[in-house]
Structure formats: C-alpha cells, structure tokens
Amino acid sequence: MKIKKFEFNMFPVNCYVLSDETGEAVVIDAGCFYPEEKQMLKEYLSDNNLTLKHVLCTHLHLDHVFGNPFLFQEYGLRPEGSQQDEFWLDQASAMARSFGFLYEEKQPALGRYLCEGDTITFGDTTLKVLHVPGHSPGSVVFYCEEAACVFAGDVLFYGSIGRADLKGGNFDELREGICSHLFTLPEETRVYPGHGPSTSIGYEKKNNPFFR
C-alpha cells in the first residue's frame, strides 16, 4: 500500500491518500481549505491515475472535513464517518466563527455510517474500523493489518493524545480507548495521526506521558 501525506494549512492537519497496485484509492481526512490545496489533491489523484473509492473521516471536526464538499463535487463521493459525530456537520459554520473566520460551504451528508468492526475495501486493501471515542463521540481509526499501520485521527499523537474539552469529549474514555484498541496492536504498528509526525504503538506505550 502506498501512503501519500498532505499537510494542509488552515489548521495544520494531515490528510492521507492511500492507494495500491490496482489504482484504487481512499482519502482520509480531507482537510484542504484553500483552492490551491484542493487542486493539489486533485492533481495527485489524476497524475497517478488513481480512482477514488472512499472519502473517510476519522471524525467530523471542521479541520478534518474542509475538503469534503470539493470531493463530493468532483467525484460524487459522500464522506463516510460515525453517526455519533454527525451533529458537527451542522455546526461547521458556527465552529469556524468561533475561530474567527467565515466558512459557508455546505457539508455533504454522510454516505455511510462507520461503526466498530466495519471493513473498508479498495483494490486489494482492507482497512478495519476501530471506534475510539473521547476526542469526539464518534472518533474512529483505520487499521491496516497487512501494512502494519493505523490512521489515528486526533486520538493518538507523537507524545500526546487528543484534546477532550470539545463538545462530546471525554478524557477518561479517550485514554481507556487508546489502551484497549490501540495499545493492543503490534508494537511495530506505525501510527499516522491527524496532526504532527508519525510514531509507533511501541514508542507511545513506552514514552507517552499520558500513560505513565
């Protein structure tokens, strides 16, 4: 599996394009806000002859869904995420105003609700959905056992964990979910977070200050 990481800048956020030898691909957390960022993502898909099959959301906070309207317009794909986070889509404009800027794009409705244990397939690749709430009620991560990696959204970071003070957040739930769902994965599993550099399960189990 090939992983392309984009770092978009309105709120510095990581967006990932996953693809395999079949030419099928998924986007995880389309945080592209500026026109040039949207064009960059589109050109990458086109230049690599990729067929986009899924638009996946680890959660529905504004910075992770900026690009969903664009991808819906360009490829006709509705985003996929947790029903428990769906309320955030209606609050996108209000959330933007709370950060001091205007955002009036209408977010497309979810095309599929993702739940614990679901699988997502593209080409010859399978991702497993793990529900790890606490940063948001519907936070999910995407685990690819074959590639030994997990796309963790804002659940687990290099040396840190997600904030739990936004609506629906719960610190104890987040910490417990990381222990039960992520720290049970093989230690060599690479963690690709929603912000900042990648890390590994083994490193975080040994060094993350929230688990000492």
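Two strands pair if DSSP finds at least two bridges between them. The structure shown here is a predicted model, and a hairpin in it makes a convenient starting point.

Strands β7 and β8 form this hairpin, with 2 residues between them. Gly123 sits in the turn and has a positive phi of about 55°. Strand β7 covers residues 119-122, and 4 bridges join it to β8 in an antiparallel arrangement. Within this pairing, Phe122 stands opposite Thr125 in β8.

Strand β8 itself runs over residues 125-131 and is mostly covered, with 5 of its 7 residues buried. Besides β7, strand β8 pairs with β9, made of residues 140-144. That pairing is also built from bridges: there are 4 of them, and the sense is antiparallel. Here His131 is the residue that stands opposite Val140 in β9.

Earlier in the numbering there is another hairpin, made by β2 and β3, with 4 residues between the strands. Gly23 in this hairpin takes a positive phi near 90°. Strand β2 spans residues 13-19 and runs antiparallel to β3, the two being joined by 4 bridges. Tyr16 stands opposite Ile28 in β3.

Strand β3, residues 24-28, is mostly covered: 4 of its 5 residues are buried. It is joined by 5 bridges to strand β4 (residues 51-56), and these two strands run parallel. Ile28 takes part here as well, with Leu56 as its bridge partner in β4. From β3 to β4 the chain passes through helix α1, residues 35-47, and this β-α-β crossover is right-handed.

From the strands the account turns to aromatic side chains. The structure holds 18 aromatic pairs. One of them joins Phe33 and Tyr34, whose ring centres are 5.1 Å apart with 90° between the planes, an edge-to-face arrangement. The cut-off for burial is under 20% relative accessible area, so Phe33, at 19%, counts as buried. Tyr34, with a relative accessible area of 32%, is partly exposed.

Another pair, Phe171 and Phe210, is tilted, at 6.2 Å centre to centre and 55° between the planes. Phe171 lies in helix α5 (residues 171-182), whereas Phe210 lies in the segment after α6 (201-207), so the pair ties together parts that are 39 residues apart in sequence. Phe171 counts as partly exposed at 37% relative accessibility. Phe210 is likewise partly exposed, at 32%.

Phe33 and Tyr34 also belong to one aromatic cluster, together with Phe11, Phe66, Phe99, Phe101 and Tyr103.

Which residues line the largest pocket? Phe11 and Phe99, both members of the aromatic cluster, are among them. The lining also includes Leu62, Met95, Phe157 and Leu166, along with His61, His135 and His195, and finally Asp63, Asp154 and Arg163. Taken by type, the lining residues divide into 6 nonpolar, 3 polar and 3 charged. About 220 Å³ of space lies in this pocket.

Terms used. Residues numbered from 1 in each chain as written. Predicted model: local features only at pLDDT ≥ 70, side-chain atom pairs only at ≥ 80, totals over all residues. Heavy atoms only, no water. Buried < 20%, exposed > 50% of the residue type's maximum accessible area, 1.4 Å probe, protein only. Right-handed = clockwise from strand over helix to strand, strands pointing away. 1 Å grid on protein atoms, 1.4 Å probe; cavity = no way out; pocket = protein on both sides within 12 Å on 5 of 7 lines; lining within 4 Å. Points joined across faces, edges and corners; volume = space filled by probe spheres on them. Nonpolar A, V, L, I, M, F, W, Y, C, P; charged D, E, K, R; others polar. Phe/Tyr/Trp six-rings, centres within 6.5 Å; stacked < 30°, edge-to-face > 60°.
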